[in-house]
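The following paragraphs lead through a model of a complex, from the arrangement of its chains to a single helix and to the confidence of the prediction. Please keep the structure in view while reading.

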Amino acid sequence: MPARWFVLLLALLVAGCSGGGNQAAPSGPGALATTSSLASLASGVTGAPVPSLVPIGVSPEDYQPAPHDIEVLHAARVLVENGAGLEAWLDATISNAANAQLVRVVCTDGLPVRNGNPHLWMDPEFARVYVAKIRDALVAADPAHAAAYRSNAAAYDAKLVALTARIRRKIATLPADHRTLIVFHNALDYYAARFGLQVVGAIEPTAGAEPNPSHIADLVRQARQYHVRAVFAEHEFSPKLAHALADEAGIRTVSYLYDDSVGTDPKVADYIGMIDYDTDAIVDALR
Amino acid sequence: MNELLAPFAFEFMQRAFVAALVVGGLCSTMGTYVVLRKLAFIGDGLAHASFAGIVIAYLRGFNLNLGAAIVTVITALGIGFVHRRARISLDTSIGVLFTGAFALGIFLMSRSPRSTVDLQSFLFGNILGVSRADLETIVGLAVIVAAIVAVLWRPLLYASFDAIVAQASGIRVAIVDDVLLVVVALTIIVSLQSVGIVLVAALLVTPAAAAAQLTSRFLPMLTLAGIFGIVSSVGGLYLSYFLAAASGATIVLLATVIFFASVGVAAARRRMREAQRVAS
Amino acid sequence: MKCVEVTDLVVRYEHVTALDGVSLDLAPGTALGIVGPNGSGKSTLLKAIAGLVRPTSGSVRVLETSPRALPPGTIGYVPQAEEVDYGFPVNVRDVVSMGRYPRLAPLAPFRAQDRRAVDDAIAALDLGALQKRRISELSGGQQRRTFVARAIAQQPKLLLLDEPTTGVDAATEDAILALVRSLVKGGLPVMMTTHDLDRAHEWFDRLIVVDRRILDDGAPADVLASGTYAQIREHTHVHGHRRAEEHA
């Protein structure tokens, strides 16, 4: 094959490169969060955008920290993290960052974690607790702006209360037997428990575990048994299994949810936007 | 009896069985060439290379499968090209190109602000998620590959066995080699998106390696490799249902068991022949 | 018509000049022997004629065409050391049959004439009893005979043999000699490199001495009498290297 063809093809390949950066640098009060959802909650308290370590679209459980993250951690004052096993890689990264002043806010401390599932932030009532903890940590680390933090946090808390009420109203419009779902991951367990929905099963019950055929067959049977009306895939992952399952069970709807991708899609610009979006998607699908 | 037929009750499983049959047969027969030409880690290599194609396709907004296919084919041709021009061994060429392509994918992804998607999950399919459209693609590809191999049967065999004399006798070995690499690349891509990486890399190598133990001529080796590939895939899928285990892994384990069984049978045969010779 | 026409052929690899201006032609029905010490460029000359190596300058013409542009099956080539995977699953008959491949259309079945050509080649090299044996199970001489049989089965218009008798038993050597003589009598041009001069007059109609250039060319008896080869050979023998410029 002539050399020049190969060089041409290589050039086309390189032309596919596009620029852009993904920098996280601590802002004003030196606050930093691990995930974009937590960053959104934190910015409700600071009143300014808070950066997140894990880039949008990367699953926090699988995240591999980059050298840049260590620099960023070194300069930060307050780190907002989820805990409950979500960020297993964090401890090693923090000790590498050697930041003696870093205050770590572990949001799930003291909250009822069930089955080792860390997705408590998906329940707005727990999110209120997260916000309170973030506020307290910021007030302690940056007393100069304590008043601002308190008033921001109070305002945001009110928004979260309104969010909960909104969700309850929307879910109330669903008939009683239209409240079962099959999901991809177990991100919705706490949300579902709070708002009276039943998660009949998850395609991938543990992150990364490959589903086996008898599990999918079980889900199909359960879907039929509980008259599940929708299967929920997630934007981040390939929806093929969800579609296969839905086809098999005769379920028409496969809908897409977010559990932690705040900030890319204009529809999910922040935490509240994400929960609203998911709620609307769920209610539409189950109607 | 109903118990034994349980896996076939579901349409997604029926599609999975057809996919297993076709992909198992296709990968293991192409795998015969891969093993004899010592290209064994091309499966893993091209799968990683295809990742760059997916990333570029995603960033530019066109079809992910098409992007993967294009970059994989470019990488495959690049492997042949580098091997001939830079005069380095094939396995080194594979190593250099696939790691470079994969790293390109990671690099581009890390610089992009927009990655909301776990692109790797799109790359590495799952046999249980095979759709009707996927099946059509797999079967279509299998037919095309079979046609190409049939038409190029003799030049491929000659070039695989003795490239130098084949070239001297007028066979265009470089073209035959490139066609083979492209066909292997397409086989890998399509199989990857249906059944996943672990499966493809293993199916390319293990059934053919098992067949090599038991046959002494090319066509029987190819045929037996195909049979082993199909038995491993269909059998493995079936077993995974009852064992509640990941299908891909079960298929690979079954193929591996078949390989070791073949080694055992070959060794036993040799001992029997020795014994006969001593006796006579 | 000249079957082979080489004009001022120069072949350079990296820093080594393998051939430094070789010119020769070959008529049909001639057995041409090529002698020279190791590293004299004999194999390179055959490879250039076979189209496996590109001339750095000068030209090679086979049947008045560039070797790579010939119809498939024209050139039969048996290299000195076969770079094949002897573990490949093929038997003797499979390998000899490959000689027929270049001329067969895709998907065309083996015809009676193809089978006959294979049978004849196998008989000529006395491989009948070994037909079904895997090539990994053969001795060096048997393998050599198989590769020569493959070239014969091809029914080429030019036969190039690179040291076909080196390291083989006397029976193999005799079989190949008989074969070459009968093919040449039938009009086939044959070029063969060799180290063994004792039987040169039996094998060849013409002998050339090569050491990057052609040092002598003529009837075997004359060339051997002239002593050119003996000089080079002795120098190599005594000093372990060739006279004059080593690898430039």
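Which of the 2 pairs of chains that touch has the most contacts? The most contacts are between chains A and B, two residues being in contact if their C-beta atoms, placed from the backbone, lie within 7 Å. This is a predicted model, in which local features need pLDDT of at least 70, side-chain atom pairs count only at pLDDT 80 or more, and totals for chains, interfaces and linings use all residues. Residues are numbered from 1 along each chain as its sequence is written, and chains are lettered from A in the order in which they are written. The predictor assigns the complex an ipTM of 0.90 and a pTM of 0.81.

Chains A and C share no contact, and their closest C-alpha atoms are 15 Å apart. Where chain C meets chain B, 28 residues come from chain C and 22 residues from chain B. On the chain C side, β5 (75-78) contributes the most, with 3 residues.

In chain A, helix α6 (residues 146-172; helices are DSSP runs of H or I, at least four residues, and strands runs of E, at least two, numbered from the N terminus) has 27 residues, which should span 39 Å at 1.5 Å a residue, and its end C-alpha atoms are indeed 39 Å apart. The expected span is 1.5 Å times one less than the number of residues.

Confidence is expressed by pLDDT, from 0 to 100 for each residue. Chain C averages 89, and 93% of its residues score at least 70. Over residues 242-248 of chain C the pLDDT is below 50. Where pLDDT is low, the predicted coordinates should not be read in detail.

Definitions and conventions. pLDDT = per-residue confidence, 0-100.
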